[in-house]
Structures are given as structure tokens and as C-alpha cells.
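Student: Could you take me through one part of this model in detail? I'd like a close look at the sheet and whatever packs around it.

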Amino acid sequence: MLLTLHPDNPNPRHLKTIVECLKDGGVIIYPTDTVYGMGCDISQHKAVERICRIKHINPAKAQFSFICYDLSHLSDYARSVDTPTFRMLKKALPGPYTFILPASKQVPRMLKQKKDTVGIRVPDNNISRAIVKELGNPILSTSLPIEAYVEEYTDPEIIHEKFENIVDIVVDGGPGGMQFSTVIDCTGAEPELIREGIGSFEEIV
């Protein structure tokens, strides 16, 4: 199914359809402030396993991140965030950043890496945040199972053609990007740049 949502005012009926799909263990492709991502409800273990099968990855080794609406539930999924780190997150988010933080006990065990960490995203994108807000908890986020993001994967109709038999819903929120988020590891003494993407590391540290 291809569902078109307005980037500024997502249709509440379509949002409800997407959220019901996620609650039923569905897998969706959706827009962010970077590339289109693939995701599911973090509490739906079978959906997480399905994404791992689609991407041919071991759940224990998968590097997923959580799409959150804002930082209000940060303490639910990340533990011991100190004041300087929280200030950095507030400065950067919503925006094209992924922050690796120590995972709390509420993060499903199968989504924790061996390091016991979680990646947190608050994209500057109304559609993905509206889906999360309506759902009531984060959605898992990962890149599409393709070798490289080429220009055609900025077009949701082409994405739908390729993945319509693999996922339940492709959310059309307009053209997507070709660059990923900037990944910053906040589990050490100082923030460490892991992957340079759209977000500027220098501007927020």
C-alpha cells in the first residue's frame, strides 16, 4: 500500500491506518529528514525479526535506532544522560542526528547491542514524528535494504514499486534525501563522531 501524507499536515485517517498497521506487527517505509527509512513498532518482536530477515542481518548485531517524537521519553530508553549531553541533544534535535546512548532496561533485549546501547533519533520531519506521537512509543529505524542510496530512492513511488511485496505500507511524504544522519557516540567521556552525515558535529559539541 502506498499512502500519501502531506509533509506539514498529515491526514489523521492515514495516520491511524499506519499506526494500526504498526500495532499489528506491520513493517513500513517512511520519510525522515534524511533518507527514507524502514521501521516497525519497537515492541513488536516478530516485526523486528522480519526486518532483520529482509535485511539479512542478525538481530543481535543489528544497529537500529529509535525514532522518538521529542526528548520527553529519553529517560525511558536511555539511562544516565548527564547535563552536558542533554544540552547537546536539546541543541541538535529535532535534526539529522543519531545519538548513541546507554540503553535503559525498557529497551527490548533483542534490540540491545552487546555494548548495551541505543541510538536515539528525533528527525526534523512532521510525518515520522506524527506517526510516533500517535503510536505512543518509538519506532525502530533502519536504512532500506539496498547497496547504495541512489537518486531513484528519493522517489517514494519507485520505492513502493520495489518494496510493495516486502513491506506493508510505503508512506509517501514527498522526495527523500540521499545522505544519512550524523552519528555521535555519547557513551564515553567525550562525544565521538562515528559517522559524518548531514548534521554538523562541530556546531553542537
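Tutor: A quick word on naming before we start: helices (H or I, at least four residues) and strands (E, at least two) are DSSP runs, numbered from the N terminus. Keep in mind as well that this is a predicted model.

By that naming, the chain has 6 helices and 10 strands. The 10 strands make up an open sheet of mixed pairing, and the order across it is β1-β8-β2-β3-β7-β4-β6-β5-β9-β10. At the edges sit β1 (2-4) and β10 (192-195), each with pairing on one side only. From one strand to the next, the twist averages 35°.

Let's zoom in on one pairing. In general, strands of a sheet pair through backbone hydrogen bonds, either parallel or antiparallel. Here β3 (residues 37-39) and β7 (residues 139-143) go for the antiparallel sense, over 2 bridges. If you want a residue to click on, try M38: its bridge partner in β7 is T142.

Now for the helices that lie across these strands. Helix α5 (residues 126-135) lies across β2 (28-30), β4 (65-67), β7 and β8 (169-172), and runs at about 150° to β7. Helix α6 (residues 156-163) lies across β1, β2 and β8, running at about 175° to β8. Both helices also carry a residue whose charge sits over a ring. From α5 (residues 126-135), R129 lies over the face of Y69, 4.5 Å from the ring centre. From α6 (residues 156-163), K162 has its charged end over the ring of F163, at 5.9 Å from the centre.

Have a look at T154 next, in the loop between β7 and α6. With a relative accessible area of 15%, T154 falls under the 20% cut-off, so it counts as buried. Setting aside neighbours within four places in sequence, its contacts are Y36, G174, P175, G176, G177 and M178.

K23, in helix α1 (residues 12-23), makes a nice contrast. At 47% relative accessibility, K23 counts as partly exposed. Not counting residues up to four places away in sequence, K23 touches D41, Q44 and L135. Two of those are worth a second look. The C-alpha atoms of K23 and Q44 are separated by 7.5 Å, with their positions 21 residues apart along the chain. And L135 belongs to α5 (residues 126-135), so this contact ties α1 to the helix we just met.

What about aromatic pairs? A search of the whole structure turns up 2. F66 and Y77 form an edge-to-face pair, 5.7 Å centre to centre with 80° between the planes. This pair links distant parts of the chain, since F66 is in strand β4 and Y77 is in helix α3 (residues 74-77), 11 residues apart. F66 is buried, at a relative accessible area of 1%, and Y77 is also buried, at 9%. Y97 and F99 form a stacked pair, 5.9 Å centre to centre and 20° between the planes; both residues are buried.

Zooming back out, 53% of the 205 residues in the chain are buried. Of the contacts with a separation of 6 or more, 65% are between residues 24 or more positions apart. A compact globule of 205 residues would have a radius of gyration near 17 Å, and the chain's 16 Å agrees with that. Along its principal axes, the C-alpha trace spans about 45 × 35 × 30 Å.

Conventions. Residues are numbered from 1 along each chain as its sequence is written. This is a predicted model: local features need pLDDT of at least 70, side-chain atom pairs count only at pLDDT 80 or more; totals for chains, interfaces and linings use all residues. Side-chain values use heavy atoms; hydrogens and water are left out. Two strands pair if DSSP finds at least two bridges between them. Axes are lines fitted to C-alpha atoms, for helices over the stretch in contact, and angles run from 0 to 180 degrees between N-to-C directions. Contact means heavy atoms within 4.5 Å. Buried means under 20% relative accessible area, exposed over 50%, partly exposed in between (1.4 Å probe, protein chains only). Rings of Phe, Tyr and Trp (its six-membered ring) pair if their centres lie within 6.5 Å; planes under 30 degrees apart count as stacked, over 60 as edge-to-face and the rest as tilted. A charge sits over a ring if NZ of Lys or CZ of Arg is within 6 Å of the ring centre and within 35 degrees of the ring normal. The radius of gyration is taken over C-alpha atoms; the globule rule is 2.2 Å times the number of residues to the power 0.38.
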